[in-house]
Amino acid sequence: MIKTIDISKTFKIKYKVIKAVDDVSFEIERNTAGALVGPNGAGKTTVIKMLSTLIIPSSGDAIVNGYSITREEKKVRESIGLVTVSERLFYYRLTALENLVFFASLQNLSLSDARRRAREVLEIVGLSEWENIPYMKFSTGMQRKLALARALITDPPVLLLDEPTLGLDPLSARMFRDLVRRIGRDKTILLTSHYMKDIEELAEKIILLKKGKVIAEGNKENLKNYLGKVIEVEVNEYPLALGKYVVETSTNYYILRIPEKELDGLKDYRVIKEEEPSLEDVYIFLIGD
């Protein structure tokens, strides 16, 4: 279980104070997957860093697997596996196996147990045949898989995944999602992503963040129902106030994909088709500027 309680984080950069996370509260039930969604600078990664005890909240608290991130940091760290997009997660000249054995040994495993567990997680993520290849020769997709393997070393009940498919080609991203779905059946997962495909396939609960605040939350069906029908229309003049809905432009016309409830803001339009909304439509309606 993951539960945040009015958690906030403020940074001071020179003479400017930035509130990156502003009284955020949400809950992800045990053995379910949740997602933080929002634009760059919305506070997603900052929330992940606080939940993983990498940074201390300015106020508020969070409970991870029953432990407070402000009072029981060691217990929280023992409960989580963390995947980030950092390229400094591994030693470039060490092999996949050597890297995992090193990180397993930091968890107080004996050398024999560290080797055994390293090979187990390499098998889980599908990297067994590359265990003796130096990390520097890994593709981006293989690097993401190895990062997941590292997160699974201690078989933690909670996984925190920050942009896990960033930079992956569509096939590699799909394979990674399948992998996360398979290993996450008995784990609590919180991920961040800009890719709606990740959210559609992995998240049972979605929290939308904008400027450090929660502006909406629910499952994908709730959020889509809130938006209602989406209408694709053609207009002759650029709709300045509704520009975020433009999906195609030409010298003579503009195509908009717009929620039915926003149609009152348009004049002289021609309806092309009507559809059920996607999560991307929900994102653009609630967060787009």
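This passage goes through the pockets, salt bridges and a surface patch of a predicted model.

Pockets come first. The largest one takes up a volume of about 710 Å³. Its lining runs to 23 residues, and those nearest the centre are Arg77, Ile80, Leu82, Gln107 and Arg150. Several elements chip in to this wall: helix 2 (73–79), strand 6 (80–83), helix 3 (96–105) and helix 5 (140–151) each give at least two residues to the lining. Sorted by class, the lining of the largest pocket comes out as ten nonpolar, eight polar and five charged residues.

The second largest pocket holds about 210 Å³ of space. Its lining draws on Val235, Asn236, Glu237, Tyr238, Pro239, Ala241 and Leu242, along with Gly265, Leu266, Lys267 and Asp268. Here the split is six nonpolar, two polar and three charged residues.

On to the charged pairs. Side chains of opposite charge can pair when their charged atoms come close. In this model the count of salt bridges reaches 22, and a few of them are worth a look one by one.

Within helix 4 (residues 111–125), Glu120 and Arg117 sit three residues apart, or about one turn of the helix. Their side chains form a salt bridge in which the closest N and O atoms are 2.9 Å apart. The two partners fall into separate accessibility classes: Arg117 has a relative accessible area of 12% and is therefore buried, the cut-off being under 20%, whereas Glu120, at 32%, is partly exposed.

A second salt bridge brings Lys187 together with Asp155, at 2.8 Å from N to O. This pair ties distant parts of the chain, with Lys187 in the loop between helix 6 and strand 8, Asp155 in the loop between helix 5 and strand 7 (158–162), and the two positions 32 residues apart. Lys187 has just 5% relative accessibility, so this lysine counts as buried. Asp155, with a relative accessible area of 48%, is partly exposed.

The loop that holds Lys187 also contains Gly184, as this glycine is placed between helix 6 (170–183) and strand 8 (188–192). Gly184 counts as buried because its relative accessibility is 12%. From Gly184 to Lys244 the C-alpha to C-alpha separation is 35 Å, and the two are 60 residues apart in sequence.

A third salt bridge joins Glu200 and Lys224, with an N to O distance of 3.4 Å. Again distant parts of the chain are linked: Glu200 belongs to helix 7 (residues 196–202) and Lys224 to helix 8 (residues 220–227), 24 residues apart. Glu200 is partly exposed at 22% relative accessibility, and Lys224 is partly exposed at 21%. Beyond single pairs, there is also a network, in which salt bridges with shared partners join Arg177, Asp178, Arg181, Lys197, Asp198 and Glu201.

Last comes the surface. Phe11, Ile13 and Ile18 make up a nonpolar patch of about 240 Å². Of these residues, Ile13 is placed in strand 1 (residues 2–13).

Key. Residues are numbered from 1 along each chain as its sequence is written. This is a predicted model: local features need pLDDT of at least 70, side-chain atom pairs count only at pLDDT 80 or more; totals for chains, interfaces and linings use all residues. Side-chain values use heavy atoms; hydrogens and water are left out. Patches are made of residues with over 30% relative accessible area and no salt bridge: like charges are joined within 9 Å, nonpolar side chains (Val, Leu, Ile, Met, Phe, Trp, Tyr) within 5 Å. Accessible areas come from the Shrake-Rupley method with a 1.4 Å probe; for residues, only the protein chains shown count as cover. A salt bridge is a side-chain nitrogen of Lys or Arg within 4 Å of a carboxyl oxygen of Asp or Glu. Helices (H or I, at least four residues) and strands (E, at least two) are DSSP runs, numbered from the N terminus. On a 1 Å grid over the protein atoms alone, a cavity is a set of points where a 1.4 Å probe fits but cannot get out, and a pocket is an open set with protein on both sides within 12 Å along at least five of seven lines; lining residues have an atom within 4 Å of a point. Grid points are joined across faces, edges and corners, and a volume is the space filled by probe spheres set on the points. Ala, Val, Leu, Ile, Met, Phe, Trp, Tyr, Cys and Pro count as nonpolar, Asp, Glu, Lys and Arg as charged, and the others, Gly among them, as polar. Buried means under 20% relative accessible area, exposed over 50%, partly exposed in between (1.4 Å probe, protein chains only).
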